[in-house]
Amino acid sequence: MPQISFQKIEIRRMPGFSPPGFVVDQLCPGINIIFGPNASGKTTLARAINLLLWPQGQEPRHVSIAAEWDFDSNRWFVELDASRPVYYRNGIESSAPNLPPAEARDRYNLDLHQLLQVETTNRSFAKAIRLETTGGYDVQQAAQQLRFQSRPSRNLPETRQLQKADRERRQAQRQQEILSRHEAELGDLEAKRNQAAEARHRVRLLERALRHAE
């Protein structure tokens with residue numbers, strides 16, 4: 001998945017912070033260290049990032065925040081102001097970006113006390129963070145040891161069954177599309193039949209009127 005790189009985060013209003021709030025900018029890809037005294041907004045900033053990425057199922061009331069980030073070679077702007085979020089991609093209003101589901105957001109938050117439980121002596125702290133964000137496992141090393149392959153080495157029976165099921169699914173989908181077109185055509189024919197019946201009825205009425213006039 002493409003990485004998100006925040007460029008600017010604007011806290012306008014959140015619990016504990018009234019307008020004008022504060023702005024954190026000049027952020028860069030990779031690790032950013034935010035430091036400051038107590039009650040300066042570090043935890044609020046972390047909560048704002050979660051709200052901006054996953055506003056679903058959270059309480060955006062009494063909140064006004066905005067951010068700019070780079071994602072999948074596009075510059076995004078998102079604004080959350082006590083209602084649904086509004087997204088802009090490269091300056092044009094857009095739907096939400098394709099991010100991991102909100103149910104998985106907890107795995108993207110790692111507390112310091114969790115990191116301190118990991119032995120980090122003579123090790124890169126960034127490497128420890130990377131290891132913990134993959135569940136405590138070095139996925140790349142495990143893949144090398146297990147000789148992981150993205151595709152099976154031979155055409156297994158399960159693979160053939162899957163390919164057959166996929167062909168049947170596509171064929172059924174094509175048949176469904178044909179039936180849908182026929183159904184639409186039948187609807188048009190039925191409407192034309194009703195129009196013809198109504199026209200015949202009007203013709204009979206006119207014929208009677210003519211005979212009466214004669």
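The protein exposes about 16900 Å² of surface, and carbon and sulfur atoms supply 51% of that area. These values belong to a predicted model, and within it buried residues make up 20% of the 214 residues. Among the contacts with a separation of 6 or more, 43% are between residues that stand 24 or more positions apart.

**Elements and sheet**

The protein contains 5 helices and 6 strands, and from the N terminus on these elements follow the order β-β-α-β-β-β-β-α-α-α-α. The strands build an open sheet of 6 strands with antiparallel pairing, in which the order is E2-E1-E3-E4-E5-E6. Strands E2 and E6 form the edges, each pairing on one side only, and neighbouring strands of the sheet are turned against each other by 20° on average when direction is ignored. Helix H1 lies across E1, E2, E3, E4 and E5, and runs at about 110° to E1.

The end of the sheet that carries E4, E5 and E6 can be followed through its bridges. E4 and E5 run antiparallel and are joined by 4 bridges, with Val 78 standing opposite Tyr 87 in E5. E5 in turn pairs with strand E6 (residues 92-94) in the antiparallel sense over 3 bridges, and there the bridge partner of Tyr 87 is Ser 94 in E6. Each of these two strand pairs is also a hairpin: 4 residues lie between E4 and E5, and 2 residues lie between E5 and E6.

**The nonpolar core**

In soluble globular proteins, nonpolar side chains tend to be buried together. Here the largest nonpolar core has 25 residues, and those with the most contacts inside it are Phe 6, Ile 9, Ile 11, Met 14, Leu 52, Ile 65 and Trp 69. Two or more core residues come from each of strand E1 (4-13), strand E2 (22-25), helix H1 (42-53), strand E3 (64-71) and E4, while H1 gives the most, with 5 residues.

Trp 69 illustrates how parts that are distant in sequence meet around one side of this arrangement. Leaving aside residues up to four places away in sequence, Trp 69 touches Ile 4, Ser 5, Phe 6, Gln 7, Leu 52, Leu 53, Asn 74, Arg 75, Trp 76, Val 78 and Pro 97.

**Aromatic pairs**

A pair of aromatic rings is described by the distance of the centres and the angle of the planes. The structure holds 3 aromatic pairs, and two of them are set out in the table.

| Pair | Centre to centre | Angle between planes | Arrangement |
|---|---|---|---|
| Phe 17 and Phe 22 | 5.2 Å | 65° | edge-to-face |
| Phe 77 and Tyr 88 | 6.3 Å | 45° | tilted |

The planes of Phe 17 and Phe 22 stand at 65°, and because an angle over 60 degrees counts as edge-to-face, the pair falls into that class. Both Phe 17 and Phe 22 are buried. In the tilted pair, Phe 77 belongs to strand E4 (residues 74-81) and Tyr 88 to strand E5 (residues 86-89), so the two rings tie together parts that are 11 residues apart in sequence. Phe 77 counts as partly exposed, at 26% relative accessibility, and Tyr 88 is likewise partly exposed, with a relative accessible area of 29%.

**Backbone details in the loops**

Several backbone features deserve a check against the structure. In the loop between E1 and E2, where Pro 20 has its place, a cis peptide bond joins Pro 19 and Pro 20, with omega at about 10°. In the turn of the hairpin formed by E4 and E5, Ala 82 has a positive phi of about 55°.

Asn 90, in the loop between E5 and E6, has a positive phi of about 55° although it is not a glycine, and at 48% relative accessibility Asn 90 counts as partly exposed. Arg 147 also has a positive phi of about 55° without being a glycine. The place of Arg 147 is the loop between helix H4 (139-145) and helix H5 (157-213), and Arg 147 is exposed, with a relative accessible area of 72%.

Conventions
Residues are numbered from 1 along each chain as its sequence is written. This is a predicted model: local features need pLDDT of at least 70, side-chain atom pairs count only at pLDDT 80 or more; totals for chains, interfaces and linings use all residues. Side-chain values use heavy atoms; hydrogens and water are left out. Buried means under 20% relative accessible area, exposed over 50%, partly exposed in between (1.4 Å probe, protein chains only). Contact means heavy atoms within 4.5 Å. Accessible areas come from the Shrake-Rupley method with a 1.4 Å probe; for residues, only the protein chains shown count as cover. Rings of Phe, Tyr and Trp (its six-membered ring) pair if their centres lie within 6.5 Å; planes under 30 degrees apart count as stacked, over 60 as edge-to-face and the rest as tilted. A nonpolar core is a set of buried Ala, Val, Leu, Ile, Met, Phe, Trp, Tyr and Cys residues joined through side-chain atoms within 4.5 Å. Two strands pair if DSSP finds at least two bridges between them. Axes are lines fitted to C-alpha atoms, for helices over the stretch in contact, and angles run from 0 to 180 degrees between N-to-C directions.
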